[in-house]
Amino acid sequence: MHGRPRKSATPVDENASALKAAKIRSLQTQFLQNHHNNIYTKEALELNAKLLEINPEFMTAWNYRKLAFEHNISSQSEVEKADSDHVKSIIDEELRVVENALRKNFKSYGAWDHRKWVVSKGNSSTERELKLLNLFQKQDTRNFHAWNYRRFIAGLKNISDEKELQFTTDMINDNFSNYSAWHNRSVLLTHLLEKKVEGYFPKEIFLTEEYEFVRNAVFTDPDDQSGWFYHLWLLDQTVKVDMPIMVSSWPPCGSDINLPIANKVTFPIVLYFNETVKGLNSHTVTVETESDVSKDITWSPLSTNKFGCGQAWVRHLSIPHEELNSSKTYEVKIRSEDSQGITSLSGVPCSQPWSFAFRVSVCHDLQPDEGKSFGRITFTDESFCTIDTSLKSIQLFKSYFEVTKSDDEHPTSSKWKLEMIASEIAQYQELLTWAECKIGKLTLARLLMAHDAMMSTGTSITHAEEVLELYSELMKLDPSHYQYYKNEHSLVLLKQMTSCIESLLKYCWQYKESNSLNITGSICLRLNSLSLSRIGSFERLLWVQSLDLSHNQLHSIEGLEALQLLSCLNLSHNKLASFTALEPLRFLKSLKVLNVSHNEIGAHTVDTRRYLCSSPMSHTLSYDPNFEEFANGDDAKLVNFWEAYSIFGGLNLMQLDIVGNVVVDERFVLFLFKLLPQLKWLDGEELH
């Protein structure tokens with residue numbers, strides 16, 4: 001454990017362990033007999049106390065003491081109930097048993113929980129509890145059980161947050177490495193901020209002092225992580241927006257959308273927020289059109305969770321079928337009717353109202369040719385040419401790079417934040433000149449990105465190259481956290497690429513063949529061969545219809561569900577290890593072309609069990625009861641593919657490439673034929 005070599009037990013040690021085990025078994029046998037027979041005598045409780053002193057982690061024994069306590073209190077005579085000293089003696093005995101157990105193991109969950117339960121009954125001295133806590137916290141200043149219990153006692157005694165904050169200051173000054181004290185400090189300050197206590201709101205003055213306080217710690221010992229974690233909390237308090245904000249949408253504000261007749265008579269409206277929100281419905285967000293055909297359609301979160309929340313929300317708007325052949329233009333207005341009803345997961349309302357409008361018309365230039373077969377779409381370099389920047393679609397997504405400034409923040413506050421972050425950057429750049437500190441490099445990377453986010457003016461982010469270099473260094477210096485640094489490196493790279501339209505256009509290519517237009521649109525965003533392990537910046541990509549993410553290192557495609565226009569997707573040559581990694585595809589109802597070839601689906605033991613197991617209890621995906629009907633009468637082994645059914649069953653794919661995955665065999669191909677009868681191409685071969 002923790003790098004210490006295991007010592008072989010001597011015969012004397014083995015004999016002592018055997019005797020101790022025999023004693024515990026004897027006590028347990030007697031205790032369980034008392035427990036099952038509801039025996040709560042003095043002798044039974046003494047036996048229980050001996051057992052807990054030897055093994056404080058025996059939760060059943062603690063639960064027995066609670067039952068015994070309730071039984072003995074309820075069975076008292078009226079005289080005993082009136083005698084407060086008698087009740088206090090019972091409580092004191094419980095506290096004594098807990099103290100003996102904590103001497104054996106002062107990090108026992110059961111012992112601390114039982115003490116909290118007993119003290120909550122009353123008739124015990126909270127002053128005594130504070131003295132006991134001081135004793136334990138001297139023995140181990142970082143014991144988080146003791147800190148949790150301290151918060152409980154402070155609540156009972158109504159000790160002010162300010163007084164407890166001073167206690168953490170004293171503890172930290174005594175030992176900068178006291179992570180639990182730093183954590184408790186962040187909890188207390190969060191409470192003070194929420195209550196807007198005088199001196200802590202607005203937060204500029206006290207945060208400035210906190211930055212200086214934590215700087216003393218990290219400069220004293222740069223290799224100790226306690227202060228660094230607190231600095232991360234401070235940075236979050238500095239840069240975070242205090243309320244949810246709608247940051248992007250499809251269609252974008254003021255745009256003119258032309259829908260080809262080949263499309264469905266409905267199209268998506270997507271709202272993208274700066275954080276996960278809940279509460280979007282027909283009362284909080286209204287859609288105004290000349291027609292009422294969509295008034296009963298609800299907003300749905302684009303998320304794989306089951307809690308009715310998401311960062312992106314969608315609603316489909318219908319165009320009257322009888323007017324598809326007209327040249328009419330519809331104006332659509334989206335408005336936050338009750339923005340207070342839209343809240344973050346912590347309950348903070350989106351109090352800033354917002355609205356935008358766009359126009360929709362039907363395009364008659366692209367008539368579907370019913371007699372023409374669907375040609376295979378490829379992602380080779382030969383399939384593309386340099387993009388024509390005069391295309392109307394280019395003008396359409398330029399709006400995603402227009403600067404939007406939130407009006408919820410006072411200019412003085414914004415100026416202070418920028419100056420504070422700039423000052424911190426200078427401090428930690430200096431630190432890294434004389435200390436090779438991994439977490440210092442990580443903190444500097446976060447500070448630089450925070451500074452760029454606050455300075456964003458629609459041009460390339462200033463410090464991206466420096467941040468990317470920091471994460472590259474961290475991957476080499478700290479291989480145990482390689483994947484985390486790799487993911488952050490990927491997110492920064494994508495943020496840099498999507499920071500302005502000039503940068504993004506370098507990755508946009510135009511299809512040479514016009515037969516792809518009805519399926520994919522004319523533009524493909526090619527983010528292939530960039531060594532990406534994670535994807536992001538979706539708020540800038542809601543316009544994308546064709547996306548190439550091949551030859552990367554993706555383990556997940558989480559967040560891709562926000563791209564509701566996506567009809568063509570290439571995920572080949574990545575590290576996707578199971579069908580559950582493809583779960584966001586279930587939300588992409590416009591998807592026609594999908595390439596997941598040469599991944600690792602079925603290559604790993606744990607993932608093999610996941611996709612072969614027919615029990616829905618072992619999966620995060622919801623089990624579709626229609627699958628049993630789908631598999632009925634076929635080879636019984638088809639039932640093993642219920643997870644693939646959950647992903648592909650709701651899609652209308654016309655082209656699928658899945659070769660190069662361990663899961664693919666003859667049975668699986670037959671399964672796909674039955675599941676996707678509309679499929680025209682499979683693994684490069686045309687189906688008849």
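**Chat about a predicted model**

Student: Which residues in helix 2 meet helix 5?
Tutor: On the helix 2 side they are Ala-49, Leu-52, Glu-53 and Ile-54, and they meet Val-97, Asn-100, Ala-101 and Lys-104 in helix 5. Keep in mind that this is a predicted model.

Student: Where do helix 2 and helix 5 sit in the sequence, and at what angle do they pack?
Tutor: Helix 2 covers residues 42-54 and helix 5 covers residues 84-104. They pack at about 25 degrees, and their axes are 8 Å apart.

Student: Why give both an angle and a distance?
Tutor: Because two packed helices are described by the angle between their axes and the distance between those axes.

Student: OK, so are helix 2 and helix 5 roughly parallel or roughly antiparallel?
Tutor: Roughly parallel. Angles under 35 degrees count that way, so helix 2 and helix 5 qualify.

Student: Switching to Phe-136. Which helix is that in?
Tutor: Phe-136 is in helix 7, residues 126-139.

Student: Is Phe-136 buried or exposed?
Tutor: Phe-136 is buried, because its relative accessibility is 6% and the cut-off for buried is under 20%.

Student: What does Phe-136 touch, leaving out residues up to four places away in sequence?
Tutor: Leu-102, Phe-106 and Trp-112. As for Ala-146, its C-alpha lies 7.1 Å from that of Phe-136, with the two residues 10 apart in sequence.

Student: And His-35, where is that, and what does it touch?
Tutor: His-35 belongs to helix 1, residues 11-36. Not counting residues up to four places away in sequence, His-35 touches Thr-60, Tyr-64 and Leu-67.

Student: Is His-35 buried or exposed?
Tutor: Buried, with a relative accessible area of 18%. The cut-off is under 20%, so His-35 makes it into that class.

Student: Now the outside. Which residues form a nonpolar patch on the surface?
Tutor: Tyr-179, Phe-229 and Leu-232 form one, and together they have about 250 Å² of accessible area. Tyr-179 is in helix 10, which spans residues 179-194.

Student: Why does Tyr-179 count as partly exposed?
Tutor: Because its relative accessibility is 35%, and partly exposed covers the range between under 20% and over 50%.

Student: Zooming out, how many helices and strands are there in the chain?
Tutor: The protein chain has 23 helices and 18 strands. It has 688 residues, and 48% of them are buried.

Student: What about the area the chain exposes, and what share comes from carbon and sulfur?
Tutor: The chain exposes about 34400 Å², with 51% supplied by carbon and sulfur atoms.

Key. Residues numbered from 1 in each chain as written. Predicted model: local features only at pLDDT ≥ 70, side-chain atom pairs only at ≥ 80, totals over all residues. Heavy atoms only, no water. Patch = residues over 30% accessible without salt bridge, like charges linked within 9 Å, V, L, I, M, F, W, Y side chains within 5 Å. Areas by Shrake-Rupley, 256 points an atom, 1.4 Å probe, with all protein chains shown as cover. Salt bridge = Lys/Arg side-chain N within 4 Å of Asp/Glu carboxyl O. Helix = DSSP H or I, 4+ residues; strand = E, 2+ residues; numbered from the N terminus. Buried < 20%, exposed > 50% of the residue type's maximum accessible area, 1.4 Å probe, protein only. Contact = heavy atoms within 4.5 Å. Axes fitted to C-alpha atoms, helices over the stretch in contact; angles between N-to-C directions. Parallel < 35°, antiparallel > 145°, perpendicular 65-115°, else oblique.
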